[in-house]
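Work through the exercises below with the sequence and the coordinates open. Try each task before reading its solution.

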Amino acid sequence: MAEFNTAAHLQEVLDSFSHCEDARFKEIMTSVVRHLHACVAELKLSPEEWISSVKFLTATGAICTDKRQEFILLSDLLGVSTLTVGINQHRGDDCLEETVEGPFYWKGAPELPLGADISTGVSGEKAYYYGKVLDANGCAVANALLDVWSGDGDGNYDMQLPEQTEMLARGKFRTDAQGRYSFWSIKPSYYPIPQDGPAGLMQGKLERHPNRPGHVHFKISADGFYPVNTQLFVANGPYLESDCVFGVKPSLIVNYIEHAAGITPDGKHLNSTYYSVPFDFRLTAA
Ligand code: BEZ
Ligand code: FE
C-alpha cells in the first residue's frame, strides 16, 4: 500500500487559502497549518492523541471567565507570551526591559495621587516604591502613567480571593514635572500559578514547578514613548532562576531595602518595619 502523501495533502490545504484577501491572515494561517501538519506527521499522532489535544483545548476554554484567562496562562507557561513581548517590545539593552502581562491584569484601577497607599486590606509587609520615569538621555518624563498591580504577601491576587469583589493592591500614578513617582504597597510573595485547570495540570505532568518569584507589575505609558509592560522582581527571593513563565530579566531584579519603624522617606511615621524600593524606569522615544 502506498504511503499517504503528507506533502501533497499540505499543499492541497494551503492552496485552499488562495482566495483569502487579508494578506497577513493568510500568511499566519499558512505558517500555522505548515507547522501543525509537520508536528502531527513527525509525531505520527494517533487519532486518540489528537482527540485528547482537542479535549485539552476545550477544557482550557471552558474554565475561562471574565476573571480567569486559562489561554493566557497556557501561553505564559509555554514561553509564548515572553516570546511575543520580547520580539515586539525589546528596545535595546539600556532601556527598560519588558516582560509578560500575565492573566491578573484588571483594567480600570483608580488613578491616585503620588504617595498614595494601595496596601489597604492587603496582607504583607509595607513597601514604599519611588523613583523617576526618564528618557534615554536621563531627562525626566512628566505625566507618564504607571498602572500598578501585584498579588499580596501570601501570593494571592484580589481576583483569586473568592469573597473579594473590589480591587486590591492596584492603582494608577502619574509622574510629576520632575518625572517622579511614588506609592505605598506591599512586598509581594512568590506564588504558584493556578494549578486546578488544564494549564496547571500540563505543568505538573511536565514535572515543572508552578511558581513565579515575587514581583510587582507595571504598565507604563507616556506621550511620545513606546509603552512597556514590565515587572520588578524581589531580589534574593526564591524562583528568580526558574520563573515558571520565563519572565525574569536581571535588570528588573530590585533590592527591597529594609528599614526600622520610624519616619518614612515621605515623612510619615510607621510603627512597623518596612521596605523602600527605589527604581527608575527608562523609556524609549517612539
Ligand atoms: C503573573 O505575573 O501574574 C502571572 C504571569 C503568568 C502566569 C501566571 C501569573
Ligand atoms: Fe504577577
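The exercises that follow concern a predicted model.

**Exercise 1. The domain interface**

Task: Characterise the boundary between domain 1 and domain 2 by contacts, buried area and chemistry.

Solution:
- Step 1. Fix the bounds. The domain assignment gives domain 1 as 6–65 and domain 2 as 74–282.
- Step 2. Get the separation. The C-alpha centres of the two domains lie 36 Å apart.
- Step 3. List the contacts. Five residues of domain 1 touch six residues of domain 2.
- Step 4. Take the area. About 370 Å² is buried between the domains, with 91% of it on carbon and sulfur atoms. On the side of domain 1, Phe56, Thr60 and Ile63 lose the most area, together 85% of what that side buries.
- Step 5. Check the polar terms. Between the domains there are zero salt bridges. Residue pairs in polar contact, both at pLDDT 80 or more, also number zero. The side of domain 1 that touches domain 2 has four nonpolar residues, one polar residue and no charged residues.

**Exercise 2. Serine 276**

Task: Is serine 276 buried or exposed? Which side chain does serine 276 meet in a polar contact?

Solution:
- Step 1. Place the residue. Serine 276 sits in strand β13, residues 274–278.
- Step 2. Apply the cut-off. Serine 276 has 3% relative accessibility, so it counts as buried; the limit is under 20%.
- Step 3. Find the partner. The side chains of serine 276 and histidine 259 are joined by a polar contact of 2.6 Å.
- Step 4. Add the surroundings. Beyond four places in sequence, serine 276 contacts Tyr128, Tyr130, Asn255, Tyr256, Ile257 and His259.

**Exercise 3. Aspartate 243**

Task: Which side chain is joined to aspartate 243 by a polar contact of 2.6 Å? Which backbone nitrogen lies 2.8 Å from a polar atom of its side chain?

Solution:
- Step 1. Place the residue. Aspartate 243 lies in the loop between β8 (228–234) and β9 (253–254).
- Step 2. Classify it. At 6% relative accessibility, aspartate 243 is buried.
- Step 3. Side-chain partner. Arginine 212 makes the 2.6 Å polar contact with aspartate 243.
- Step 4. Backbone partner. The nitrogen belongs to glycine 247.
- Step 5. Other residues touched. Outside four places in sequence, these include Asn211, Pro213, Phe233 and Val248.

**Exercise 4. Salt bridges**

Task: How many salt bridges are counted? Work out the setting of the pairs arginine 68 with aspartate 196 and arginine 170 with aspartate 158.

Solution:
- Step 1. Count. The total is eleven salt bridges.
- Step 2. First pair. The closest N and O atoms of arginine 68 and aspartate 196 are 2.9 Å apart. Arginine 68 is in the loop between α3 and α4, and aspartate 196 in the loop between β5 and α6, so the bridge ties parts 128 residues apart in sequence.
- Step 3. Exposure. Arginine 68 is buried at 18%, while aspartate 196 is exposed at 58%.
- Step 4. Network. Arg68, Glu70 and Asp196 are linked by salt bridges.
- Step 5. Second pair. Arginine 170 and aspartate 158 meet at 2.6 Å, N to O. Arginine 170 belongs to strand β3, and aspartate 158 to the loop between β2 and β3, twelve residues apart.
- Step 6. Exposure again. Arginine 170 is buried at 5% relative accessibility, and aspartate 158 is buried at 2%.

Conventions: Residues numbered from 1 in each chain as written. Chains lettered and ligands numbered in written order. Predicted model: local features only at pLDDT ≥ 70, side-chain atom pairs only at ≥ 80, totals over all residues. Heavy atoms only, no water. Domains from an automatic or database assignment. Contact = heavy atoms within 4.5 Å. Buried area = accessible area lost by both parts, 1.4 Å probe. Salt bridge = Lys/Arg side-chain N within 4 Å of Asp/Glu carboxyl O. Polar contact = N/O pair within 3.5 Å; in protein donor to acceptor, adjacent residues only side chain to side chain. Nonpolar A, V, L, I, M, F, W, Y, C, P; charged D, E, K, R; others polar. Helix = DSSP H or I, 4+ residues; strand = E, 2+ residues; numbered from the N terminus. Buried < 20%, exposed > 50% of the residue type's maximum accessible area, 1.4 Å probe, protein only.
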